[in-house]
Protein chains: 4
Amino acid sequence: MLLNLDPRSHIPIWEQLVNQVKELILKEVILPGEKLPSVRELSSVLLINPNTVSKAYQELERQEIIETLRGKGTFVSQTIIPKADEQKIEALRQALKQLVIESSYLGIEKEYFIQWVEQYTKELGGRSNVAESSSDS
Amino acid sequence: MLLNLDPRSHIPIWEQLVNQVKELILKEVILPGEKLPSVRELSSVLLINPNTVSKAYQELERQEIIETLRGKGTFVSQTIIPKADEQKIEALRQALKQLVIESSYLGIEKEYFIQWVEQYTKELGGRSNVAESSSDS
Amino acid sequence: MLLNLDPRSHIPIWEQLVNQVKELILKEVILPGEKLPSVRELSSVLLINPNTVSKAYQELERQEIIETLRGKGTFVSQTIIPKADEQKIEALRQALKQLVIESSYLGIEKEYFIQWVEQYTKELGGRSNVAESSSDS
Amino acid sequence: MLLNLDPRSHIPIWEQLVNQVKELILKEVILPGEKLPSVRELSSVLLINPNTVSKAYQELERQEIIETLRGKGTFVSQTIIPKADEQKIEALRQALKQLVIESSYLGIEKEYFIQWVEQYTKELGGRSNVAESSSDS
DNA sequence: GTGGTCTAGACCACG
DNA sequence: GTGGTCTAGACCACA
């Protein structure tokens, strides 16, 4: 569990946790059905409050990415079904648009930008939907 | 000045303002040297707190996108030089990576994602750095 | 004993057990006087902790729905007398009220709601009190 | 704001809050667009911790029943659209089924049960979906 | 052991 | 003023 949190970031710690767990699952560092560290354990390792970990876990459960079995712990869901929430997609597009704008002000050329997208999708492995939609190339 | 702010969005209003002004400048809806509305004017038009507009202007000035001439008003900078701030680029890459991850969970295929990038760069016109990586202009 | 427990449900497993046993008795799948599986047996079949089964049995006994005969096992009570516990009725009404509220937010029309009630009472067979309010039996 | 919380209930306080606010909105005791008490205010009135109120408000916002305007407060949404979440409907049906079963053990006749449903829908006013689907009677 | 809830009190960004 | 986050530490039900 290589989680690095930045307490200075404007992104809440619990959200950083959510993001990184989602990444680790896509990268298959954590596998479906696998048990996540307990709230107390993770909080003591990361030196953060148990409540913060708990909030992250609850959010992940709400997204149906993990499941909690009462008294047993939290586990990665066996089946993570991509669901196309229109509202979320629109929000993502807006965020993407903003990144493109920022890129421009930072002098980043489109080719680099797309190259990064390719790189990140590759890093997530060939399993994700983003990674490959075309059979071969 | 077609600015539409969403008070319900979780993005701070001042940040929405900054983002949209930057977009309008790239789209050349606002031109270099053009005068921006005064804080008071804009705040009364948008029905938001003057402090909010002020904060947005301060941020834009900090990014050297606009300039304030004492007693004359605020103007779009004549020369907007893309600065490759390494820290900002790294932050942008992180944000992009997170978007790719989210895309995967939303079931969005890479092709669509890249297509959106192409679309947004086109919308910004051929002037931005992102828009053209073609050698000459 | 067709018991299907959902470890992912937020309803405690012992409570799911209690609920399902009560349902099976109403449906006469389990008959008065019938012997229930031992705690050990049931727990090994359902792959759950014996303590969990034990707790369910204790609760069923408390509700006088089953009886434990020392050394002989647990049996469904011969006579299950509906007891109009005012407190429980009030709790049930509160729960029902909340369901009606939720229905509204889910866009469920009253007619459907009542239809479901009719359906479930029918499923419980003509024996239950809910099922028939016809004067004699 | 007539909110009565039961700290002894097994239902979490924050959830009781959510339920009661939803009820008050349906009953039009609180109107769309109306401002809710601030987190601090409500917590001091109800003698509970601000965090508890906050959790309730966040859940209500997630359900799109209220909206928070940063720095301004929380408001009842202008448009509360009933959305038929299949999963939630199934859960509701399960809960309803269980209530029917409980009714039987409490000796409650079906007619009473349905009468209560009618009563509660009426209490929620003629506006809700549950309340009336037939034009008149 | 597990996660969930609650309290107490602090700090922060937003408007 | 507002809500959001975080910490510290407690208690509870569940398995």
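The following questions and answers concern the contacts of a predicted model with DNA strands E and F.

User: How many residues surround DNA strand E, and which are the closest?
Analyst: The closest residues come from chains B and D: B:Lys55, D:Ile13, D:Asn51, D:Thr52 and D:Arg70. Sugar and phosphate make up 68% of the strand E atoms that come within 4 Å of the protein. The number of residues surrounding DNA strand E is 27.

User: What is the distance from a backbone N or O atom of D:Ile13 to a phosphate oxygen of DNA strand E?
Analyst: Several residues place N or O atoms by phosphate oxygens of this strand. For A:Ser38, a polar side-chain atom is 3.1 Å from such an oxygen, and for D:Thr52 a side-chain N or O atom is 2.7 Å from one. For the backbone atom of D:Ile13, the distance is 2.3 Å.

User: Which elements of chain A give two or more residues to the surface near DNA strand E?
Analyst: Chains B and D each contribute helix H1 (13-26) and helix H3 (50-62) to this surface. Chain A contributes helix H2 (39-46), helix H3 (50-62) and strand E2 (73-76).

User: How many charged residues does the surface near DNA strand E have?
Analyst: By class, this surface has eight nonpolar residues and 13 polar residues. The number of charged residues is six.

User: Which residues come nearest to DNA strand F?
Analyst: Around DNA strand F there are 27 residues. Of the strand F atoms within 4 Å of the protein, sugar and phosphate account for 67%. The residues that come nearest are A:Ile13, A:Asn49, A:Asn51, A:Thr52 and A:Arg70.

User: Which residue has a polar backbone atom 3.3 Å from a base nitrogen of DNA strand F?
Analyst: Two other contacts of strand F involve phosphate oxygens: a side-chain N or O atom of A:Thr52 at 2.7 Å, and a backbone N or O atom of C:Ile13 at 3.0 Å. The contact with a base nitrogen belongs to D:Gly71.

User: Which elements of chain D supply at least two residues of the surface near DNA strand F?
Analyst: Chain A supplies helix H1 (13-26) and H3, and chain C supplies helix H1 (13-26) and helix H3 (50-62). From chain D come helix H2 (39-46), H3 and strand E2 (73-76).

User: Why is C:Glu41 classed as partly exposed?
Analyst: C:Glu41 lies in helix H2 (residues 39-46) of chain C. Its C-alpha atom is 9.7 Å from that of C:Val53, twelve residues apart along the chain. Partly exposed covers the range between under 20% and over 50%, so C:Glu41 falls in this class with a relative accessible area of 46%.

Note on methods. Residues are numbered from 1 along each chain as its sequence is written. Chains are lettered from A and ligands numbered from 1 in the order in which they are written. This is a predicted model: local features need pLDDT of at least 70, side-chain atom pairs count only at pLDDT 80 or more; totals for chains, interfaces and linings use all residues. Side-chain values use heavy atoms; hydrogens and water are left out. A residue is near a molecule or strand if one of its heavy atoms lies within 4 Å of it. A polar contact is a pair of N or O atoms within 3.5 Å; within protein, one must be able to donate a hydrogen and the other to accept it, and residues adjacent in sequence count only if both atoms are side-chain atoms. Helices (H or I, at least four residues) and strands (E, at least two) are DSSP runs, numbered from the N terminus. Ala, Val, Leu, Ile, Met, Phe, Trp, Tyr, Cys and Pro count as nonpolar, Asp, Glu, Lys and Arg as charged, and the others, Gly among them, as polar. Buried means under 20% relative accessible area, exposed over 50%, partly exposed in between (1.4 Å probe, protein chains only).
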